[in-house]
Structure formats: structure tokens, C-alpha cells
Amino acid sequence: MSEHPYDKTANEPKVRPLVRNSFAFVPSAGMRLAPEVLVLELFREVFFEKHYESTGTKDLNPDEVDESKSLLYSQEERAVLYALRGRRKKTKHSRAQPFFAPAYPVLARASWLGKKRERVINNFLLSGPIAQHLWYRGTDVEEKKHERDEIVDLLCKALVGHNTLREDEYRGKDILSVALRNADLEVNLDRARQNLVSKTGFSNSVIRINHDELSTRIFKDVRFICQLEKDLPRMQWLHVLMTFLRFSLPMWLLAQMRITSFLHEWLIGAIDEGHIVSAADIERRISVRNRGLLQPTLTPTREVFERIEQYMKHRVELNILLYCLEGIRPDDIKGKSLDVRGGGSGKISVERLLEIARQASADLRASDRFKDVAPELDARRFLTREGELFPAWRNPLLKGQGKNIDEFLRVMYRDELGDEAGGYLLLPEGRGAGRGFRVFPGQLLLKTVTYLAARDKYSDGKRGGGGKLVLEDVENHFQQYGVDFSSAADARPLLMREMQAMGLLTGTPDAGSSVAVARPY
């Protein structure tokens, strides 16, 4: 049998140049044990020259001392840090570990994530959905440049704090900033704006299509969250922000993972069946990749794990297939990058790649490796047999990127400690091979999405910018993130009971999806 041409020691094949740093594969993800870490990471990405200070990770610790054993934080700063203390367990049987959220950028000065750690705030927020929304129609749209300037300004003002104490003017100022009245809370806003402009700029990972539902949804909700900051106590707003981040970032990741599966499906269809998906269908499916990601359920499910397993198998097989196509059609593929629409000598469109794959079908089957691995079989089974050689294909949750994705998605789980407010989406159950989860939002996530649905309805000129908020609006908002209550008959009654118990339903539940809902903030 011919030697397989891939690195036997790797968890998965190398990402091929055609799709490297493109929309076809998601960037690296990594464990974030607590939402407090996401706030720290956000402050570091926006307000600091570098998101790290040394190669290793340094946790935020109010009791940190320097080389002379002096405390790095003042008594007032430590008090504010302890006010935003969270607790999480890394595993079911490990000890609870404290986490601290910096209420203001200055409190993030002595902690950071390591240089080589995955940058989830950058990958799944700034250069992810925000950049996607801004530039999916290209970089020359004046309206989008205005939106970029607006979101940069809103983020800077909200993260600094609209009601932060300045110059001993105490009236209307937030209590946390008053506690820090002796600290220097000033930040370099020019640097923050430069960081945000750079990190939300156009890149190869931006998908050029006519409409992108999820990126637009997240962009608008970031704006609503920022605008809320001036109306809430800082501590309460930070909990809303953490809830939004731990929900929106993982859902963005899950939606992006689908694109790899789409491309895998289209290429196999082109090779095995000679079918070329039209450019219009390609854009349509990508634009609504967020729909139906998770089904709310009252019984445990493995749906998230299945999403990861599917993604990793398709990722491995796709890289193998592209490796083969590079050898068969080098002039068509080498030195090129993949773009939904193509354009320019250095890019090829998805539709053109499918045509190349169809044309290369006979040569692929005639190759020695194909004959050895899957004689007389189709490309799907050839890729399955080749994929089985890699640990990331055989054990997607334990090896390679699959392990990192699984660890990151745990930020959506309800923890045994520190999750009393209910910012979670997933309720884990079971252990080992039988572990699963129920998909149902906690109370703080319900309040947050209800607020966002209300803001969206009242600010939407297409719908008249008004009308009472009803349950259907809240369900539609969840649906745009991929959580579909309309297909979960057993979950909707529980949703109504939860919202009624929280005082969010102002009408009778008998009205069903038309029952009136109160805005929580």
C-alpha cells in the first residue's frame, strides 16, 4: 500500500494555503473558565498597547504583590475587584477558583492572557462579527465607515464608563468609580480607538455577501449593550456585558463552524455527483448559517458535542481533499486564496473551486493513493478512511482544535458556583461518555435577550419603531442567534413560566406568542 502523504505525528493535517486565515475554518478557540476573564480580555484588547505583557498568563489577583512584597492594587481598588468576584470550578471535583472582573480598564493593568493563548475576544467579536458586519459589502461603503466610527466611540465610552467620577463631581456618578476616587482612571482614548479600528478592519476572514444575519444581529446588540451602560449601575451593567459575551461569542463560533461543513458537502457533491451549487445558493446558505444551531430542550442532549465532532471530521477531510486537489490541479489552486465571490488573480470563488473539483474527479480516482485506500468507492468513503488516520478525526473532543472548541464552549455552561444570576445557556448533566446538557437560558440571559429584543423592536424603522413587545419578539431574537424555541414544543411553556415568574410577562399566557412582555431595563 502506498505511504499516506500526511504528517503521521500530527493530530490533524495542516491547514492548506487555499483556506488558511479564510472564512472556511474558524480561528483557534481556547478555554475561558469564567465570563470575568472575557471582560479582562476585552479591556486588554482595547486599552493596552499589547493584549499580553509576558509569554505566560497572569490571572487577575487583588492580593498580588510586587518583588518588594508591596500590594499592586490599593485598598480601594481591591475592594472594587472583590465586589466583582466570581467563582468557578474547572472540573466537578476540583476546588472552586476565584475570578475577578476589572470594573474599569485601569484594573486590568496587572493581569493578562499569555501571548500564545487564543484571542477569543479578537477572533469572535472584534475581527469576527463586528468586522463581518462592517465590511461584508466591501470597504468602500460610506455608511459602513460611519457605523465603524460609531461603534468605536460607543465601545470606548461604555468601557470607560459614562458615569465615572471625574474632578470631584460626585452627583450622578457610579459608586464603584467613587470608591476609586483616589485612583487614576484616565485611559489613552487615542490608543483605544486605534486598536478598535485596526482590529475591526477588513481581513481575508470577512465573507463578502449581500446579507449576513448573525454578524448584523451581534453588531446591533453590542451597540445596545454599550448604550445601556449609562442607565445602569456599573456593577449591574458588567454582569449584563458578561452574560452577552458568554452567549454571543460561542454562538458565533458554532455558526462559523457550519461553513466548513457546507464547503465539505459541496466539494463531495461536485466530485461524486458532478453537482455544482450555484453562487446564489452558496451565499444564501452562508447568510443564514446561524439558524437552528441549538434546540431548547428539557431532556439532556449531546447537540453541542455533535456539532464539534462534525466540524472536526469535516475539517480533517477537507484539508485532505484540498491536499489532493493541489497535486492534481496545481496551476488552478496553488498560490490562491478562497473567497466566496473570487475576484483578482490571487483569489478563486467557491463556485470555481467546485468546478475544479468536478474536473479533477477522474484524476483523483485514478491516483495510486485513492486506489489503495478506496478502490471502486466514492470520494466520501476515501476521505473517511484517510481521516481515520488522524487523532482529531477519531477523537474530536479530545484532540486538536476540537478539544479547544469544547473547552471554550463551556463558558455557556451553568457552573455549580457563581452562576446564581443565571447568565448561562447550557445546563450540564451526566459524566464521561454519557455527559450532555439541557439547552435553556438562565434568568439573566433571558433578561438580557428580552432587553435586546425590545431595543431592536423600538429602533427598527422598518417595523415602525414601536408596538408592544411580545413573546414572539424575544423568541425571534434567540432564533437569530441559533436558539430556536419554535421547534421545541416542550421548552416554550417553560419559557413562559420562567418569564412570568420573573415578572416579564404582562399579559396572560393564554395569548401564546402574542403575550405582552415587559422591558427589563
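Is H314 buried or exposed? Select H314 and find out. The model on your screen is predicted. H314 counts as buried, because its relative accessibility is 17% and the cut-off for buried is under 20%.

**Stop 1: helix α10**

Keep H314 selected. Its home is helix α10, which covers residues 303-328. Now show what surrounds H314. Leaving aside neighbours within four places in sequence, H314 is in contact with T260, S261 and H264. Remember H264; the tour returns to H264 at the next stop.

Stay in α10 and select R307, which also has its place in this helix. R307 counts as buried too, at 18% relative accessibility. What does R307 touch, not counting residues up to four places away in sequence? Display L254, M257, R258, G292 and L293. Next, put a distance marker between the C-alpha atoms of R307 and A255. They are separated by 9.9 Å, and the two positions lie 52 residues apart along the chain.

**Stop 2: α8 against α15**

Select α8, residues 234-273. Add α15, residues 379-387. Two packed helices are described by the angle between their axes and the distance between the axes. Here the angle is about 130° and the axes are 9 Å apart. The two helices are therefore oblique to each other. Colour the contact residues. From α8, take H264, I268, I271 and D272; from α15, take A379, R380 and L383. This contact divides into 4 nonpolar, 1 polar and 2 charged residues.

Zoom in on A379, which lies in helix α15. A379 is buried, with a relative accessible area of 1%. Apart from residues up to four places away in sequence, A379 touches I271, D272, R365 and F370. For a long view across the model, mark the C-alpha atoms of A379 and F99. The separation is 49 Å, for residues 280 apart along the chain.

**Stop 3: a loop beside α15**

Step back along the chain to E376. E376 lies in the loop between α14 (368-373) and α15. Look at the backbone here. The phi of E376 is near 65°, a positive value in a residue other than glycine. Is E376 buried or exposed? E376 is exposed, with a relative accessible area of 82%.

**Stop 4: a second positive phi**

Select K69. You are now in the loop between α1 (35-47) and α2 (75-83). K69 is not a glycine, yet its phi is positive, at about 70°. K69 is exposed, with a relative accessible area of 68%.

**Stop 5: α3 against α4**

Select residues 120-135 for α3 and residues 142-160 for α4. Their axes come within 9 Å and cross at roughly 150°. How do the two helices run? They are roughly antiparallel to each other, because the crossing angle is over 145 degrees. On the α3 side, colour I130, H133, L134 and W135. They meet K144, K145, E147, R148 and L155 in α4. The contact divides into 4 nonpolar, 1 polar and 4 charged residues. Keep L155 highlighted for the next stop.

**Stop 6: the largest cavity**

Rolling a probe the size of a water molecule over the atoms shows where empty space is left. In this model, the count is 3 cavities of 30 Å³ or more. What is the volume of the largest cavity? It is about 70 Å³. Select its lining: L42, L125, L155, A158, L159, V222, I225, C226, W237, L241, F244 and L245. This lining has 12 nonpolar residues, no polar and no charged.

Colour the lining by helix. Three helices, α4, α7 (213-228) and α8, each supply at least two lining residues. Which helix gives the most? The answer is α8, with 4 residues.

**Stop 7: strand β6**

Finish at R438. This residue lies in strand β6, residues 436-439. Mark the C-alpha atoms of R438 and T301. They are 137 residues apart along the chain and separated by 6.3 Å. Last, show what R438 touches, not counting residues up to four places away in sequence. Four of the names to select are T297, L298, T299 and P300. The others are L425, L426, L427 and E429.

How values were computed. Residues are numbered from 1 along each chain as its sequence is written. This is a predicted model: local features need pLDDT of at least 70, side-chain atom pairs count only at pLDDT 80 or more; totals for chains, interfaces and linings use all residues. Side-chain values use heavy atoms; hydrogens and water are left out. Axes are lines fitted to C-alpha atoms, for helices over the stretch in contact, and angles run from 0 to 180 degrees between N-to-C directions. Angles under 35 degrees count as roughly parallel, over 145 as roughly antiparallel, 65 to 115 as roughly perpendicular and the rest as oblique. Contact means heavy atoms within 4.5 Å. Ala, Val, Leu, Ile, Met, Phe, Trp, Tyr, Cys and Pro count as nonpolar, Asp, Glu, Lys and Arg as charged, and the others, Gly among them, as polar. On a 1 Å grid over the protein atoms alone, a cavity is a set of points where a 1.4 Å probe fits but cannot get out, and a pocket is an open set with protein on both sides within 12 Å along at least five of seven lines; lining residues have an atom within 4 Å of a point. Grid points are joined across faces, edges and corners, and a volume is the space filled by probe spheres set on the points. Buried means under 20% relative accessible area, exposed over 50%, partly exposed in between (1.4 Å probe, protein chains only).
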